[in-house]
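Dear colleague,

I am handing over the structure that follows, and I would be glad if you kept it open while you read. My notes on what was found in it come afterwards.

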Amino acid sequence: MSLHGLPDMFRELPMTDRRVAADVMDLLMRDTDRATGCAAVVVCDEEHRGLQPVLLHDDPPPRSIPLRSSGARSSGHARERARDAGRDRHEVARDPSRLVGLEDFDRLLDLLLPLVVARSGSVLLGRGRPRGMVADDVDRLWHQHAIDRCRALDVPLLGFYVATGDGIFRLPDPLTAVS
C-alpha cells in the first residue's frame with residue numbers, strides 16, 4: 001500500500017490511534033528512505049488528524065579517501081586527505097549526530113513547530129534507519145530532541161517512531177511532571 005492507497009476516511013482518523021500512526025509512518029518512510037536514513041514529520045490539525053507529511057533524508061556518511069596517488073608530488077596530498085578522512089570518522093564515532101543528520105532534524109523542527117503552534121496543531125515524528133528492532137542511543141537522542149523542542153513550544157507530540165528494514169516500533173511517550 002502507498003499513501004495514495006489509504007482509505008478516503010484516512011484524513012478523518014486521529015494520529016492518536018497508535019495503529020494508524022504506525023501505519024502512516026511505515027508508509028511514509030519507504031525501504032529506500034530507511035536504508036539511507038531519514039526523518040519524518042506528520043503535521044496534524046487541532047484534532048490530531050494528519051494534514052501534511054514531510055520527509056527529510058539524512059546526509060550520506062563520510063567516505064574514506066584512498067591512499068593511492070599517481071605521482072610523487074601528489075602523494076603528500078593524498079596522505080593528508082586520508083588523515084583528514086580518518087579524523088572525520090573518529091569525530092563521527094564520538095558524535096553520532098554528525099552521521100545521522102540530527103542537526104537537520106532540529107532545523108526542520110525549528111521551522112515547522114512554530115507553524116504548528118499557530119494552527120494549534122500537533123505532530124507525529126519518526127526516524128528511519130537501515131536495521132534493528134531495538135532503540136539505540138541515536139534513536140533516544142533524536143527522541144529527546146523531539147521531546148525538548150515540542151515541550152518548549154507546547155506542541156503535542158503524538159508519538160515518535162523508528163522505522164527500519166526490519167519493521168517499525170514506537171518509543172515511549174515523554175514523562176510528565178506527574179510521572
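**Helix H1 and its surroundings**

Please bear in mind throughout that this is a predicted model. The buried residues of helix H1 are covered by several elements, which include helix H2 (31-36) and the strands E1 (38-44), E2 (50-57), E3 (122-128), E4 (157-164) and E5 (167-170). Which residues of H1, a helix that spans residues 18-28, are buried? They are Val20, Ala21, Ala22, Val24, Met25, Leu27 and Leu28. At the N-terminal end of H1 you will find aspartate 17 acting as a cap, with one of its side-chain oxygens 2.9 Å from the backbone nitrogen of arginine 19.

**The sheet**

If you turn next to the strands, you will see that five of them form an open sheet, in the order E2-E1-E3-E4-E5, and that their pairing is mixed. Because E2 and E5 stand at the edges and each has a single partner strand, one side of each is left without a neighbour in the sheet. Neighbouring strands of this sheet are turned against each other by 20 degrees on average, if direction is ignored.

The pair E4 and E5 can be followed residue by residue: these two strands run antiparallel and are joined by four bridges, and alanine 163 has isoleucine 168, in E5, as its bridge partner. Helix H6, made of residues 137-153, lies across E1, E3, E4 and E5, and it runs at about 160 degrees to E4.

**Aspartate 106**

Another residue to look up is aspartate 106, which lies in helix H5 (residues 102-118). Is aspartate 106 buried or exposed? Its relative accessible area is 9%, and because buried means under 20%, aspartate 106 counts as buried. Leaving aside residues up to four places away in sequence, aspartate 106 touches His145 and Arg149. With histidine 145 there is a polar contact from side chain to side chain, at 2.8 Å.

**The cysteines**

Finally, how many disulfides does a search of the whole structure find? The search finds zero. As for accessibility, cysteine 38 counts as buried because its relative accessibility is 0%, and cysteine 150 likewise counts as buried because its relative accessibility is 1%.

With best wishes

Terms used: Residues numbered from 1 in each chain as written. Predicted model: local features only at pLDDT ≥ 70, side-chain atom pairs only at ≥ 80, totals over all residues. Heavy atoms only, no water. Disulfide = S-S within 2.5 Å. Buried < 20%, exposed > 50% of the residue type's maximum accessible area, 1.4 Å probe, protein only. Contact = heavy atoms within 4.5 Å. Polar contact = N/O pair within 3.5 Å; in protein donor to acceptor, adjacent residues only side chain to side chain. Pairing = 2+ DSSP bridges. Axes fitted to C-alpha atoms, helices over the stretch in contact; angles between N-to-C directions.
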